[in-house]
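This report describes a single protein chain, beginning with its internal space and then turning to its helices and loops.

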Amino acid sequence: MPGSCPSSALLRQILPLGKAGLTPIAYVLITPTPILVGRDPRCQIVLDSENYGGVSRQHVRVAPSPYSPSGWEICDLSSANGTYVNGQRLQGCRFLRDGDRVVLAKDGPEFRFELQPVMNVEPLPRPTVPSASRQLAPATLPAEDPDRAPPDAVTFSQLFPIISTGRDLTRKAYLVPGIITVAFVVLMFLSIGNPAFFNLLVAAYVAGIAYYFVYQLCGKPKPWWVIVGSALTTMLLLASPALPLFILVFRKILPGDIPQIGDSISFPVLLVRMLFGAGLMEELLKAIPVLLAYTIGTKLRSPRREQIGVWEPLDGILLGTASAVGFTLLETLGQYVPGIVNDVTLQAGADYGELVGLQLLIPRLLGSISGHMAYSGYLGYFIGLSVLKPTKRWQILGIGYLTAAVLHALWNSTGMINLVVLAVVGVVSYAFLAAAILKARALSPTRSQNFATRFYRSR
């Protein structure tokens, strides 16, 4: 190690203010051993998942370096939530200097790198350091502790993992979606012989899967009753006198008359009709629950205001896609499936008609992630963005509304011409939604609490 005075390096954990009464933990760095820090039990410094969920399994490596003035460098191992040295995000590796403060994830555990004379530091008895959470406890550890157990020992928690997983079952193992799936399976068994109820269950489950995927990508918690409320509001609008009024304006007064099957019209004319009669009309209708949630939110006090209202693009995306789920469910179960079932039943019998109806139901609902959910979620992003940037509100809303309507019109128009082009439009529509989600996460005022980083690979 460079320098005239022999020194030893250590990482000293800085405890939060709530634990100020406890003694900080010092991890001695012993050359030439590199130190891995993370939640993986194979790391030399193991951090408890319960307390440090934002830390990756192998987050950083602290290793000897002959070129560093301190003799040590730190490298981020492609962690999901980043590493910060003296407040600056670490990209790759950098030399460590005496007094450097290292934070894992934005609000994660904090360490201070220190150099001390060799005589003042007592080396640890072994290079593998127990986890920070266990070192905070008394020195006497139970025999079941996996870090102290012999390598070939089998602990009780290893034989019965469910005893030790605790809250991780719901936080990381998707226990709640698993319970919901089992419930739907049981109900589907009970509904055999009742095609209408069976289709309703399948539709609700498939639509839920599509929405859950978007919800996880967004990474912002939103109460389930607000999400369901957005979907139900759209369904009520479709069943109310509001729908005939929309049809009158967009399809009778404006040039949005939807052509019938067999009509011979050019593609430009078809696209214009679909733009007014499907894109502009349906996207405005599906945006009503989002705008309603924003209006209600402005009249409430915290925390209801943040739970219900639209205060950022992620809120708009979550409520917009939920509205699209309600639209797709009612449209599919109330119009498309009964229509094709009746047509096929007249030609081939009731049993075959029900089968064809189910075959139509599944792709329509699952494909809504690149259809109605994509357009409405994209428009929802702009509604939320207009809240963040009120001085540009009408410009933002205009661009978002027109873009969502054009994507919608392209989908409807190409579906009547070529299935390959239709697939391309679907991929593009999903790409627009995904891009909006990523940008919304970057703009989010609550970015540090976003849970979508679970989709990233932890090392």
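A cavity, in the sense used here, is a set of points on a 1 Å grid over the protein atoms alone where a 1.4 Å probe fits but cannot get out. Its volume is the space filled by probe spheres set on the points. The model under discussion is a predicted one.

**Internal space**

By this rule, one cavity of 30 Å³ or more is counted. The largest cavity holds about 50 Å³ of space. Its lining consists of Leu11, Val37, Val60, Val62, Ile74, Val102 and Phe111. What is the make-up of the lining of the largest cavity in nonpolar, polar and charged residues? Seven of the lining residues are nonpolar, while no polar and no charged residues are found there.

**The chain as a whole**

The protein chain contains 15 helices and 11 strands. Of its 459 residues, 41% are buried. Among contacts in the protein chain with a separation of 6 or more, 61% join residues that stand 24 or more positions apart.

**Helix α6 and Ala204**

Helix α6 covers residues 195-218 and includes Ala204. The 24 residues of α6 should span 34 Å at 1.5 Å a residue, and its end C-alpha atoms are indeed 34 Å apart, so the two values agree. After α6 comes Gly219, which has a positive phi near 80 degrees.

Within this helix, is Ala204 buried or exposed? Ala204 counts as partly exposed because its relative accessibility is 32%, and the partly exposed class lies between under 20% for buried and over 50% for exposed. With neighbours within four places in sequence left aside, Ala204 is in contact with Phe184 and Leu329. The C-alpha atom of Ala204 is also 8.9 Å from that of Leu365, a residue 161 positions away along the chain.

**Helix α9 and Leu275**

Helix α9 comprises the 32 residues 267-298. From its first C-alpha to its last, α9 reaches 44 Å, which is close to the 46 Å expected at 1.5 Å a residue. Where does α9 bend? The bend is at Leu275 and amounts to about 40 degrees.

Leu275 itself belongs to helix α9. Not counting residues up to four places away in sequence, Leu275 touches Leu280, Ala405, Val406 and Ala409. A further C-alpha separation, of 7.0 Å, links Leu275 with Gly256, the two residues being 19 apart along the chain.

**Loop residues with positive phi**

Asn86 is not a glycine, yet its phi is positive, at about 55 degrees. Ala105, likewise a residue other than glycine, has a positive phi near 70 degrees. The table sets out the position and accessibility of each.

| Residue | Loop | Relative accessible area | Class |
|---|---|---|---|
| Asn86 | between β7 (83-85) and β8 (88-89) | 40% | partly exposed |
| Ala105 | between β10 (101-104) and β11 (110-117) | 7% | buried |

The two classes follow from the cut-offs: buried means under 20% relative accessible area, and partly exposed lies between that value and 50%. Ala105 is therefore buried at 7%, whereas Asn86, at 40%, is partly exposed.

Conventions. Residues numbered from 1 in each chain as written. Predicted model: local features only at pLDDT ≥ 70, side-chain atom pairs only at ≥ 80, totals over all residues. Heavy atoms only, no water. Helix = DSSP H or I, 4+ residues; strand = E, 2+ residues; numbered from the N terminus. Buried < 20%, exposed > 50% of the residue type's maximum accessible area, 1.4 Å probe, protein only. Contact = heavy atoms within 4.5 Å. Expected span 1.5 Å × (residues − 1). Bend = angle between axes of the 7 residues up to and from the residue. 1 Å grid on protein atoms, 1.4 Å probe; cavity = no way out; pocket = protein on both sides within 12 Å on 5 of 7 lines; lining within 4 Å. Nonpolar A, V, L, I, M, F, W, Y, C, P; charged D, E, K, R; others polar.
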